[in-house]
Amino acid sequence: MNKNETNQWIANYRTDQPHFGLERMVKLLALRGNPHLKLKVIHIGGTNGKGSTIAFLKNMLEKMGLRVGVFSSPYLIHYTDQIAINEESIPEARLETLMVDYRSLLEGEHAHDLQGTTEFEIVTAIAYDYFASERVDVAIMEVGMGGRLDSTNVCQPILTGITTIGLDHVVLLGDSLEAIAEQKAGIIKQGVPLVTGNIVPEALAVINQIAKAKEAPRLVYGEDYQVSHQGSVGTGEVFDYTSPLRQGRFQTGLLGLHQIENAGMALALLDRYCQESRRELPENDLLAQALEETSWPGRFEVVSRNPLMILDGAHNPHAVKALLATLEERFADYHKEILFTCIKTKALEDMLDLLGTLPDTELTLTHFDDGRATDEKVLKKVAYSRNLNYQSWKEFLDQKMTENEEKKTVRIVTGSLYFLSQVRAYLLERKN
């Protein structure tokens with residue numbers, strides 16, 4: 001298969017609603033020799049903060065000289081970027097070869113047993129397969145949705161992490177923080193250490209109960225490790241970190257007050273990983289450099305300074321609150337122009353309610369071409385009912401990138417990571 005053929009083939013397995021369950025993954029990977037069981041895995045779940053926490057963690061591990069595989073979703077630049085080793089995406093030729101192998105399984109004599117397999121399951125299996133064949137020192141696997149029945153959850157990790165708990169995918173995961181926490185806590189394994197981020201008490205209580213039942217040692221934000229914000233600079237946030245193993249002042253390479261929590265959790269994960277793998281703890285200077293050099297597309301990412309434009313994947317109410325806090329802290333005296341859209345499974349009305357609280361803000365809704373996107377008619381109807389603007393996103397970008405500003409203005413494109421992947425590609429093409 002060539003690139004176009006592989007993309008067309010795997011697109012046949014895409015679904016709007018996930019087929020939860022691990023049976024297909026277990027069967028599929030068994031046919032490939034169980035590569036997921038040959039890896040040292042750090043498994044990261046949670047509602048928000050997974051991507052940034054993983055970015056900080058993998059940068060620090062790489063600074064230690066380790067070969068680090070990262071599986072993340074969704075991609076923001078290119079399909080292959082979901083699967084990478086030390087910043088290098090899986091080569092397209094290698095991905096195509098693996099897809100040929102998996103196609104032969106899914107369409108061959110085992111087709112009946114693997115019926116219902118999804119695109120995400122295939123990509124997850126390929127990630128495990130690739131990392132095992134490349135003999136990475138550690139594989140960091142990001143949970144796609146939920147945890148308990150997510151396709152990544154077939155691994156036997158050496159360390160797990162749960163970043164945050166917020167209301168997201170409520171139709172699929174539950175309509176309370178406790179119900180969602182129970183799903184996320186499904187990645188906790190018997191006796192495997194667990195690091196938790198800044199999680200609300202009612203959700204943390206559920207996670208702690210499950211961790212205790214599975215005798216999983218816990219490192220808890222605010223108890224076993226602490227972070228405190230010391231100030232914002234042009235390129236990131238300065239914070240102090242304290243734990244029994246490490247104390248020091250660090251700076252993130254990502255903007256946003258919430259990033260100190262993600263960086264702090266990454267430090268806790270790193271030190272626990274070193275303990276579990278019997279490695280010497282690295283010096284603060286090395287880790288400080290790694291944190292400051294960390295970048296992650298679509299996380300309060302400044303894509304243009306003149307005019308000022310930011311991309312941020314705030315795709316649920318919890319993430320929108322973090323975005324608003326950062327905007328109020330960094331751009332309180334700016335006029336704000338926000339372009340927003342989301343996918344069908346997201347809390348559209350709740351997010352618009354939150355965005356409506358931001359002072360001196362002009363909010364525009366839009367639609368993007370993706371089967372998962374909220375229907376264009378729905379968005380236009382909501383825009384009309386709320387007296388909001390509606391505009392094609394390409395027209396919005398073309399207009400805002402060229403018009404003269406009458407006052408200090410920041411533009412924010414947000415609401416869906418799938419949407420941001422299209423925006424980013426368009427802006428890059430436009431720049432070139």
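The legends below describe several close-up views of one predicted model.

Because this is a predicted model, local features need pLDDT of at least 70 and side-chain atom pairs count only at pLDDT 80 or more, while totals for chains, interfaces and linings use all residues. Residues are numbered from 1 along each chain as its sequence is written, and side-chain values use heavy atoms, with hydrogens and water left out.

**View 1. The eight-stranded open sheet and the helix across it.**
Helices (H or I, at least four residues) and strands (E, at least two) are DSSP runs, numbered from the N terminus, and two strands pair if DSSP finds at least two bridges between them. Eight strands form an open sheet in the order 4-3-2-5-1-6-7-8, and the pairing is mixed. Strand 4 (88-89) and strand 8 (218-220) stand at the edges with a single partner strand each, so one side of each is left without a neighbour in the sheet. Strand 1 (residues 41-45) runs parallel to strand 6 (residues 159-162) and is joined to it by four bridges, with Gly45 standing opposite Ile162. Helix 9 (residues 259-276) lies across strand 1, strand 5 (138-142), strand 6, strand 7 (194-196) and strand 8, and runs at about 170° to strand 6; such angles run from 0 to 180 degrees between N-to-C directions, and the axes are lines fitted to C-alpha atoms, for helices over the stretch in contact.

**View 2. The three-stranded open sheet with two helices.**
Here three strands form an open sheet in the order 9-10-11, with antiparallel pairing. Strand 9 (226-233) and strand 11 (247-251) are at the edges, each with a single partner strand, so one side of each is left without a neighbour in the sheet. From one strand to the next the twist averages 15°. Seven bridges pair strand 9 with strand 10 (residues 236-242) in the antiparallel sense, and Ser232 stands opposite Glu237 in strand 10. Helix 10 (residues 284-292) packs on the sheet, where it touches strand 10 and strand 11, and its direction makes about 25° with that of strand 11. Helix 11 (residues 317-330), in turn, lies across strand 9 and strand 10 and runs at about 45° to strand 9.

**View 3. Strand 17 and its surroundings.**
Six of the six residues of strand 17 (residues 409-414) are buried, so this strand is largely enclosed by the rest of the structure; buried means under 20% relative accessible area, exposed over 50%, and partly exposed in between (1.4 Å probe, protein chains only). In a regular strand the side chains alternate between the two faces of the sheet. Both faces of strand 17 are covered, with Thr409, Arg411 and Val413 buried on one side and Val410, Ile412 and Thr414 buried on the other. Strand 13 (residues 308-312) pairs with strand 17 in the parallel sense over four bridges, and the bridge partner of Met309 is Arg411. Strand 14 (residues 335-340) also pairs with strand 17 in the parallel sense, over six bridges, and Leu339 stands opposite Val413.

**View 4. Two buried residues, Thr80 and Ile207.**
Thr80 is placed in the loop between strand 2 (68-71) and strand 3 (83-85), and is buried with a relative accessible area of 7%. Leaving aside neighbours within four places in sequence, Thr80 is in contact (heavy atoms within 4.5 Å) with Ser89, Ile90, Glu92 and Leu95. Ile207 is found in helix 8 (residues 201-213) and is buried, with a relative accessible area of 0%. With neighbours within four places in sequence again left aside, the contacts of Ile207 include Ile162, Ala181, Leu194 and Ile199.

**View 5. Aromatic rings.**
Rings of Phe, Tyr and Trp (its six-membered ring) pair if their centres lie within 6.5 Å, and planes under 30 degrees apart count as stacked, over 60 as edge-to-face and the rest as tilted. By this rule the count comes to 11 aromatic pairs. The rings of Tyr130 and Phe131 have centres 6.1 Å apart and planes at 45°, so this pair is tilted. Tyr130 is buried, with a relative accessible area of 6%, and Phe131 is buried too, at 0%. Elsewhere, Phe368, Trp393, Phe419 and Tyr426 form one aromatic cluster.
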